[in-house]
Amino acid sequence: MRLVFLGPPGVGKGTYASSISRIYGIPHISTGDIFREEIKKETELGKKVKSYVEKGELVPDEIVIEVVRKVLLSEKCKKGFILDGYPRTLKQAEALDQITKIDLALNFVAPDEVIIERVSGRRVCSKCGAIYHIKYMPPKVPGKCDKCGGPLIQREDDKPEVVKHRLEVYRKQFKPIIDFYRVRGILIDIDASDQAPQVIPRIIEALKAHGFPPP
Ligand code: AP5
């Protein structure tokens, strides 16, 4: 099963992808996570993308496309994948079409005020990347990851002014991408305005209805 998760920053793509990845046994590939990891390790790629990510700008297409091509053609994606945060431009969607066939594109939708509340309360584990929310998905011990005990931090690009800019960038780009998958008949809209325990069964139902029941 080859899935693409679309939607604005903070709608919950990473949260849902992590559950669906566990349930279906396919890897969760997040371009944002890849870039944050490379920045942390101060690699050549990390140095190239740092300023874009910190300002909430899109990383240039040619860099992102190469990263995605390498991952999707690797052994770990042979049985399928969930691609989260890609494509973000029409050029990226067209490049993806050349790399592999996508079965379904899930478009997560929620009102702006919900998204802003989610982003402002997000905390992530600095060691394993697990996602929390101070109100909706709090860790058992404040400031500590339930999975690995690592310290929880706020993402650099979750500062209010950067979030605002990321939303603007999203609004400028998303329409042609949604249309790209809608005309191919593989786009599914998912209402993501409720809490995650309600949204995840909705995703599974939609996947089942399109011929992909959980294993
Ligand atoms: P990226 O990491 O992809 O960021 P994003 O798309 O902006 O998405 P987020 O990670 O912010 O949100 P999410 O939807 O995954 O929400 P989450 O599950 O965490 O990209 C970062 C940057 O990298 C970009 O700005 C760009 O610079 C660069 N980049 C990446 N890909 C690129 C590309 N293809 N091209 C060019 N540049 C690229 O949830 C948010 C919060 O809400 C969490 O706290 C969570 O606990 C909570 N939550 C989630 N769901 C619910 C729910 N249903 N109810 C209540 N709370 C919830």
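R184 sits over the face of F180, 3.7 Å from the ring centre. That's one detail of a predicted model, and there's plenty more to look at around its rings and its ligand. A search of the whole structure turns up four aromatic pairs, and 36 residues surround the ligand. The protein buries 98% of the 1,000 Å² that the ligand exposes when taken alone.

**Aromatic pairs**

- Across the whole structure, the search finds four aromatic pairs. One of them is Y16 with F108, a tilted pair with 5.1 Å centre to centre and 40° between the planes.
- What does the Y16–F108 pair tie together? Y16 belongs to helix α1 (residues 13-24) and F108 to strand β4 (residues 104-109), so the pair links parts that are 92 residues apart in sequence.
- Buried or exposed, where do these two rings fall? Y16 is buried, at 2% relative accessible area, and F108 is buried too, at 1%.
- Y170 and F174 make a stacked pair, with 4.9 Å centre to centre and 10° between the planes.
- Both Y170 and F174 come from helix α7 (residues 160-183), where they are four residues apart, or about one turn of the helix.
- Y170 counts as buried because its relative accessible area of 19% falls under the 20% cut-off. F174 has 30% and is partly exposed.
- Ring pairs also join F5, Y16 and F108 into a cluster.

**Around the ligand**

- Which residues are closest to the ligand? Of the 36 that surround the ligand, the closest are T15, E57, R88, R122 and R166.
- Backbone contacts come from G12 and K13. A polar backbone atom of G12 is 3.0 Å from an oxygen atom of the ligand, and a polar backbone atom of K13 is 2.8 Å from an oxygen atom of the ligand.
- R118 brings in its side chain: one of its polar side-chain atoms is 3.3 Å from a nitrogen atom of the ligand.
- On its own the ligand would expose 1,000 Å², and the protein covers 98% of that.
- Four elements give two or more residues to the shell around the ligand: α1, α2 (31-40), α3 (44-55) and β6 (131-133).
- How does the shell split by class? There are 16 nonpolar, 10 polar and 10 charged residues in the shell around the ligand.

**Backbone oddities**

- Most residues other than glycine have a negative phi, and most peptide bonds are trans. Here are two spots to check against that.
- The peptide bond between Y86 and P87 is cis, with omega at about 5°. P87 is placed in the loop between β3 (81-84) and α5 (90-99).
- E42 isn't a glycine, but its phi is positive, near 55°. You'll find E42 in the loop between α2 and α3, where E42 is exposed at 60% relative accessible area.

**A buried histidine**

- H133 is part of strand β6, and at 6% relative accessibility H133 is buried.
- What does the side chain of H133 lie 3.1 Å from? One of its polar atoms is 3.1 Å from the backbone nitrogen of Y136.

**Sequence distance versus space**

- Y24 lies in helix α1 and is buried, at 11% relative accessible area. Y24 and M1 are 23 residues apart in sequence, with 8.7 Å from C-alpha to C-alpha.
- E54 is in helix α3 and counts as partly exposed, at 34% relative accessibility. How far apart in space are E54 and K140? They're 29 Å apart, C-alpha to C-alpha, with their positions 86 residues apart in sequence.

Key: Residues are numbered from 1 along each chain as its sequence is written. This is a predicted model: local features need pLDDT of at least 70, side-chain atom pairs count only at pLDDT 80 or more; totals for chains, interfaces and linings use all residues. Side-chain values use heavy atoms; hydrogens and water are left out. Rings of Phe, Tyr and Trp (its six-membered ring) pair if their centres lie within 6.5 Å; planes under 30 degrees apart count as stacked, over 60 as edge-to-face and the rest as tilted. Buried means under 20% relative accessible area, exposed over 50%, partly exposed in between (1.4 Å probe, protein chains only). A charge sits over a ring if NZ of Lys or CZ of Arg is within 6 Å of the ring centre and within 35 degrees of the ring normal. A residue is near a molecule or strand if one of its heavy atoms lies within 4 Å of it. A polar contact is a pair of N or O atoms within 3.5 Å; within protein, one must be able to donate a hydrogen and the other to accept it, and residues adjacent in sequence count only if both atoms are side-chain atoms. Accessible areas come from the Shrake-Rupley method with a 1.4 Å probe; for residues, only the protein chains shown count as cover. Ala, Val, Leu, Ile, Met, Phe, Trp, Tyr, Cys and Pro count as nonpolar, Asp, Glu, Lys and Arg as charged, and the others, Gly among them, as polar.
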